[in-house]
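Here are some worked exercises to try with the model open beside you. Take each task on your own before you read the solution.

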Amino acid sequence: MPDPDQPLPPDPVVELYKQGVDRTLLRQNLRRSVDERILNLMDLQRLAEELRRAGQRSRDHRR
Amino acid sequence: MTDFKQLLHLLSTSKVDFILVGGMAATVHGATRLTQDLDIVYSRSHANLERLAAALAPYQPYLRGAPLGLPFRWDAATLERGLNFTLTTSLGDLDLLGEITGGGGYEDLVSHSSPIEVFGETCRCLDLPALIQVKRAAGRPRDLEVLAELEALLEERRRLDQL
C-alpha cells in the first residue's frame with residue numbers, strides 16, 4: 001500500500017462532512033484508555049439493542 | 001450483540017496473527033461510532049489458519065446470512081480455500097478478511113499496524129493514517145461520515161502531540 005504517512009489531498013466531500021463532527025466527543029474519547037473505549041462501545045451496543053427491542057414491543061402492542 | 005472483549009481475548013490468547021481493522025480499529029483510535037462486528041485481517045500462513053480454526057471452533061462459526069442447514073465445515077482447509085468470511089459466532093459477528101481493498105493482506109498491513117494492549121492482552125491494530133487510507137480506497141458512500149470522523153481524530157491527535 002502507498003505510504004499512509006504521506007498525507008492524502010483533502011477530499012472536498014469529506015471536508016464538508018468534517019464540519020459536522022462533534023470534536024468535543026472525540027476529545028473526551030481520546031482521554032479514555034483503549035479498554036474504556038471498547039467497554040463504552042459495548043454499553044452503546046447494549047443500549048441500541050434494548051431500544052430496538054423496546055421499539056419492537058411497542059409495535060407488537062399496537063397491533 | 002458482539003462480545004468484543006471475549007473475542008479479542010480469544011484471538012489473542014490463541015496466538016492468532018491478526019490486525020484489527022474497520023469499526024473496532026476506529027474505536028481503538030477514539031472514534032465514537034457504533035459498530036456491530038469485529039473486523040480482522042488475518043495471516044494466511046498455514047499455522048495461523050490452524051490456530052484460527054481451532055480458536056473459533058467451540059463458538060459455532062457459521063456464514064452470516066446463509067440459510068440454516070447449508071453444508072459448512074469449519075476448519076483450516078475451508079479457510080485455505082476461501083479468503084474473506086463474514087461469520088456469526090456465539091460470541092457475535094466476526095469478519096475474517098484475507099485482504100482488504102487498498103491495503104492488501106496481513107503481510108502488507110503489518111508494518112502499518114501497532115501492538116496495543118487490550119484487556120491485558122496484546123494485539124495489533126491498523127494505524128490511523130492507514131485506516132483512513134483503506135477507507136478512502138474502499139470508496140463507499142456510507143464511509144464518508146466515518147472518514148470525516150477519522151480525519152478529525154487524526155487532526156485532534158496531532159494537535160495534542162503539539163501541546
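**Exercise 1. Two helices across the chains**

Are H2(A) and H7(B) parallel, perpendicular or oblique to each other? Keep in mind as you work that this is a predicted model.

*Solution.* Step one is to find the helices: H2(A) covers residues 23–30 of chain A, and H7(B) covers residues 144–162 of chain B. Step two is to look at their axes, which come within 10 Å and cross at roughly 55 degrees. Angles under 35 degrees would count as roughly parallel and 65 to 115 as roughly perpendicular. H2(A) and H7(B) are therefore oblique to each other. The crossing of H2(A) and H7(B) is also right-handed.

Step three is to see who does the touching. From H2(A) come Arg23(A), Leu26(A), Arg27(A) and Leu30(A), and from H7(B) come Ala152(B), Leu153(B), Glu156(B), Arg157(B) and Leu160(B). Sorted by class, this contact has 5 nonpolar, no polar and 4 charged residues.

**Exercise 2. The wider contact**

Now step back to the two chains. Find how many residues each chain gives to the contact, and which element of chain A gives the most.

*Solution.* Chain A supplies 27 residues and chain B supplies 35 residues. On the chain A side, the elements that give two or more residues are H1 (12–18), H2 and H3 (34–62). H3(A) gives the most, with 11 residues. By class, the chain A side divides into 17 nonpolar, 2 polar and 8 charged residues.

**Exercise 3. Walking across the sheet**

Trace the open sheet of chain B from one edge strand to the other, and say which neighbours are parallel and which antiparallel.

*Solution.* Start with the order: 7 strands run E3-E4-E5-E2-E1-E7-E6, with mixed pairing. The edge strands are E3 and E6 of chain B, as each pairs on one side only.

Now go through some of the pairs:

- E3(B), residues 62–63, pairs with E4(B) in the antiparallel sense over 2 bridges; Tyr62(B) has Thr88(B) as its bridge partner.
- E4(B) and E5(B), residues 92–97, run antiparallel and are joined by 5 bridges. Thr86(B) is matched with Asp95(B), and a hairpin of 2 residues links the two strands.
- E2(B) and E5(B) pair in the parallel sense over 4 bridges, with Leu96(B) as the bridge partner of Ile40(B).
- E1(B) and E2(B) run antiparallel, joined by 4 bridges; here Phe18(B) is matched with Tyr42(B).
- E1(B), residues 18–21, and E7(B), residues 121–126, pair in the parallel sense over 2 bridges, and Leu20(B) has Cys125(B) as its bridge partner.

**Exercise 4. Two strands, two faces**

Which residues of E4(B) are on the covered face and which on the uncovered one? Then check what becomes of the two sides of E2(B).

*Solution.* Begin with the general rule: in a regular strand the side chains alternate between the two faces of the sheet. In E4(B), residues 85–89, Phe85(B), Leu87(B) and Thr89(B) make up the covered face, while Thr86(B) and Thr88(B) make up the uncovered one.

Next take E2(B), residues 38–42. Leu38(B), Ile40(B) and Tyr42(B) point one way and Asp39(B) and Val41(B) the other, and all are buried. With 5 of its 5 residues buried, E2(B) is therefore largely enclosed by the rest of the structure.

**Exercise 5. An enclosed helix**

Why is H2(B) described as largely enclosed by the rest of the structure?

*Solution.* A residue is buried if 20 or more other C-beta atoms lie within 10 Å of its own. In H2(B), residues 22–29, 8 of the 8 residues are buried, so the helix is largely enclosed. Among them are Met24(B), Val28(B) and His29(B). Just after H2(B) comes Gly30(B), whose phi is positive, near 115 degrees.

**Exercise 6. Positive phi without glycine**

Examine Lys15(B) and decide whether it is buried or exposed. Do likewise for Gln60(B).

*Solution.* Most residues other than glycine have a negative phi. Lys15(B), however, has a positive phi of about 60 degrees, and Gln60(B) has one of about 50 degrees. Lys15(B) sits in the loop between H1 (4–13) and E1 of chain B, and Gln60(B) in the loop between H3 (46–56) and E3 of chain B.

For the last step, count neighbours; 12 or fewer means exposed. Lys15(B) has 11 other C-beta atoms within 10 Å, so it is exposed. Gln60(B) has 12 C-beta neighbours inside 10 Å, so it too counts as exposed.

How values were computed: Residues are numbered from 1 along each chain as its sequence is written. Chains are lettered from A and ligands numbered from 1 in the order in which they are written. This is a predicted model: local features need pLDDT of at least 70, side-chain atom pairs count only at pLDDT 80 or more; totals for chains, interfaces and linings use all residues. Two strands pair if DSSP finds at least two bridges between them. Axes are lines fitted to C-alpha atoms, for helices over the stretch in contact, and angles run from 0 to 180 degrees between N-to-C directions. Angles under 35 degrees count as roughly parallel, over 145 as roughly antiparallel, 65 to 115 as roughly perpendicular and the rest as oblique. A crossing is left-handed if the near helix is turned anticlockwise from the far one by less than a right angle, and right-handed if clockwise. Two residues are in contact if their C-beta atoms, placed from the backbone, lie within 7 Å. Ala, Val, Leu, Ile, Met, Phe, Trp, Tyr, Cys and Pro count as nonpolar, Asp, Glu, Lys and Arg as charged, and the others, Gly among them, as polar.
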